[in-house]
Amino acid sequence: MVVLDGKIASQAVKEHIKEKIEALRAQNKRLPHLAAILVGNNGASETYVASKIKTCAEIGFHSTLVRLESTVDEAVLLKKIAELNNNAAIDGILVQLPLPKQINEQKVIEAIHPSKDVDGFHPVSVGKLVQGLQTFVPATPYGIMLMLQHFNIDTKGKHAVVVGRSNIVGRPMSILLSGNTPYGNCTVTICHSHTKNLKEICLQADILVAALGRPEFVKADMVKEGAVVIDVGITRIDDPTAKKGFRLKGDVAFAEVSAKASAITPVPGGVGLMTIAGLLQNTLRAYGEREKF
């Protein structure tokens, strides 16, 4: 059984990007710049954004963190996005989700200019993805594809089952795995809350992607012997014995499923790190398209 270690795969991506940045520095060129907007002080969002900003510094990107109060008016947020859209020094914009109730998330997503949509959520990006055109791919599915590539996981002709149909992970993941690409060409089944015989369908999977947000939902009796298991879930579970007062659990019961899988991602240390790698690759792409690099 192979542990698909996100630390190893993401480090390889970062090293590749660092080489590009060093080449830019040697030519005294402007460096890529990512702007992140954080609304409120949600603990998980704070952690995610801090990790993204830290990684930008690590590889040589510039970054800007815009903090807004949880009570901010939607119009104020949209105005800030417009300012970043018009700032020639900013290559990529991300707004950390979820947002407070008074803000329409879809309106915010559509406010980001498609050329700076490094999260890959804009309808223009999604439309291009569906058509198989070059575009910004949502960072988590993109990171998973980078992981499959790094560990050279054979996907051609395999049956992939994706549990979860969100626009952020499940749907784009199904498109990427079914695409005519070196790490695609799967036959894909998407499962969701209304799927009948979920266990039986999961047992058919050569590649099982769990992205439903329910800790340890996928048990060993749902996994075929030798399957590749990708765990996208990450949930904080209160645990007074833990140093931070909580533990992170994935959607897969790792201990029992790893005994059957041929390869599996851990939580933490798996897909989460690859999500940031995908975001960085998208930002470099946005920079490249603007600077013809």
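**Parallel sheet and local backbone features**

In the predicted model, Ile37 has Val95 of strand 4 as its bridge partner. Strand 2 (residues 33-39), paired with strand 4 in the parallel sense, shares 4 bridges with that strand. The open sheet comprises 3 strands in the order 3-2-4, with parallel pairing. Strand 3 (62-68) and strand 4 (92-95) are the edge strands; each has a single partner strand, so one side of each lacks a neighbour in the sheet. On average, neighbouring strands of the sheet are turned by 15 degrees against each other, direction ignored. Helix 3 (residues 74-85) packs on this sheet and touches strand 2, strand 3 and strand 4. The direction of helix 3 makes about 175 degrees with that of strand 2.

Most peptide bonds are trans, and most residues other than glycine have a negative phi. Departures from both tendencies were found in loops. The Leu97 to Pro98 peptide bond is cis, with omega near 5 degrees; Pro98 belongs to the loop between strand 4 and helix 4 (105-111). A cis bond also links Val267 to Pro268, with omega near -5 degrees, and Pro268 is located between strand 11 (263-264) and helix 10 (271-291), in a loop.

Asn28, in the loop between helix 1 (6-26) and strand 2, has a positive phi of about 55 degrees and is exposed, at a relative accessible area of 72%. Glu216 has a positive phi near 55 degrees and is placed in the loop between strand 7 (207-210) and strand 8 (228-231). Glu216 is partly exposed, with a relative accessible area of 28%.

The structure contains 0 aromatic pairs. Arg236 lies over the face of Phe246, at 4.4 Å from the ring centre.

Notes
Residues numbered from 1 in each chain as written. Predicted model: local features only at pLDDT ≥ 70, side-chain atom pairs only at ≥ 80, totals over all residues. Heavy atoms only, no water. Pairing = 2+ DSSP bridges. Helix = DSSP H or I, 4+ residues; strand = E, 2+ residues; numbered from the N terminus. Axes fitted to C-alpha atoms, helices over the stretch in contact; angles between N-to-C directions. Contact = heavy atoms within 4.5 Å. Phe/Tyr/Trp six-rings, centres within 6.5 Å; stacked < 30°, edge-to-face > 60°. Lys NZ or Arg CZ within 6 Å of the ring centre and 35° of its normal. Buried < 20%, exposed > 50% of the residue type's maximum accessible area, 1.4 Å probe, protein only.
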